[in-house]
Amino acid sequence: MAREEKITCINCPLGCPMILTIDDGGEVTSIDGYKCKVGKKYAMEEYANPTRVLTATVLTQGSSQDLLPVRTAAPIPKAKLVEGMRVLAKVKVSPPVAMGGVVISNLLGTGVDIVATSDLDSRSERR
Ligand code: SF4
């Protein structure tokens with residue numbers, strides 16, 4: 001028996017609510033509610049392999065900043081977010097780090113790096 005799954009498109013402020021119809025074999029047989037091809041593509045990807053950008057902060061040492069904001073350089077599988085947060089919770093970063101600099105390469109084998117979203121200066125360099 002076919003089932004339905006609701007997915008909201010997050011690619012623009014319209015936030016189109018979409019309904020996917022899925023057959024017994026797990027195949028998507030129809031998608032309703034999208035207003036453009038971006039939404040249809042997003043619905044298919046979100047159903048098959050949902051991904052998210054992971055944003056967080058990591059601890060620092062040797063800097064007057066206690067935390068450094070970081071993010072994945074690209075979306076990673078949603079199923080890896082919690083494990084990724086656990087990895088980040090164990091990290092301590094030392095300056096200098098430039099915005100965009102790699103803090104962790106190839107997070108959890110995803111092929112995606114964790115990068116800094118701001119500079120991290122040492123104590124004496126901080127204004
Ligand atoms: S389907 Fe198109 S119009 Fe609707 S939210 Fe997504 S990007 Fe925007």
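N106 is exposed, because just 11 other C-beta atoms lie within 10 Å, and the cut-off for exposed is 12 or fewer. The model in which N106 sits is predicted. N106 lies in the loop between β9 and β10. Its phi is near 50°, a positive value in a residue other than glycine.

L108 lies in the loop between β9 and β10 as well. L108 too is not a glycine, and its phi is positive, about 55°. Is L108 buried or exposed? Neither label fits: L108 is partly exposed, because 15 other C-beta atoms lie within 10 Å. That count falls between the cut-offs, which are 12 or fewer for exposed and 20 or more for buried. Why pick out such phi values? Most residues other than glycine have a negative phi.

Now follow that loop to the strands on either side. β10 covers residues 114-116. It runs antiparallel to β9, and two bridges join them. One pairing can be named: I104 has I114 of β10 as its bridge partner. In general, strands of a sheet pair through backbone hydrogen bonds, either parallel or antiparallel.

Step back to the whole sheet. It is open and has five strands. Their order is β8-β5-β6-β10-β9, and the pairing is mixed. Which strands stand at the edges? They are β8 (92-93) and β9 (102-104). Each has a single partner strand, so one side of each is left without a neighbour in the sheet.

A helix lies across this sheet. Helix α2 spans residues 81-89. The strands it lies across are β5 (55-60), β6 (67-72), β9 and β10. Relative to β5, helix α2 runs at about 20°.

Between the edge strands comes another backbone feature. P96 lies in the loop between β8 and β9. The peptide bond that joins P95 and P96 is cis, with omega about 0°. For context, most peptide bonds are trans.

Next, the domains. The domain assignment gives domain 1 as 3-48 and domain 2 as 55-125. Their centres, taken over C-alpha atoms, are separated by 32 Å.

Last comes the ligand. Which residues surround the ligand? From one stretch of the chain come C9, N11, C12, L14, G15 and C16. Y34, K35, C36, V38 and G39 complete the list. By class, this shell has seven nonpolar, three polar and one charged residues. K35 is the charged one, because Lys counts as charged.

Methods:
Residues are numbered from 1 along each chain as its sequence is written. This is a predicted model: local features need pLDDT of at least 70, side-chain atom pairs count only at pLDDT 80 or more; totals for chains, interfaces and linings use all residues. Domain bounds come from an automatic or database domain assignment. A residue is near a molecule or strand if its C-beta atom, placed from the backbone, lies within 6 Å of it. Two strands pair if DSSP finds at least two bridges between them. Helices (H or I, at least four residues) and strands (E, at least two) are DSSP runs, numbered from the N terminus. Two residues are in contact if their C-beta atoms, placed from the backbone, lie within 7 Å. Axes are lines fitted to C-alpha atoms, for helices over the stretch in contact, and angles run from 0 to 180 degrees between N-to-C directions.
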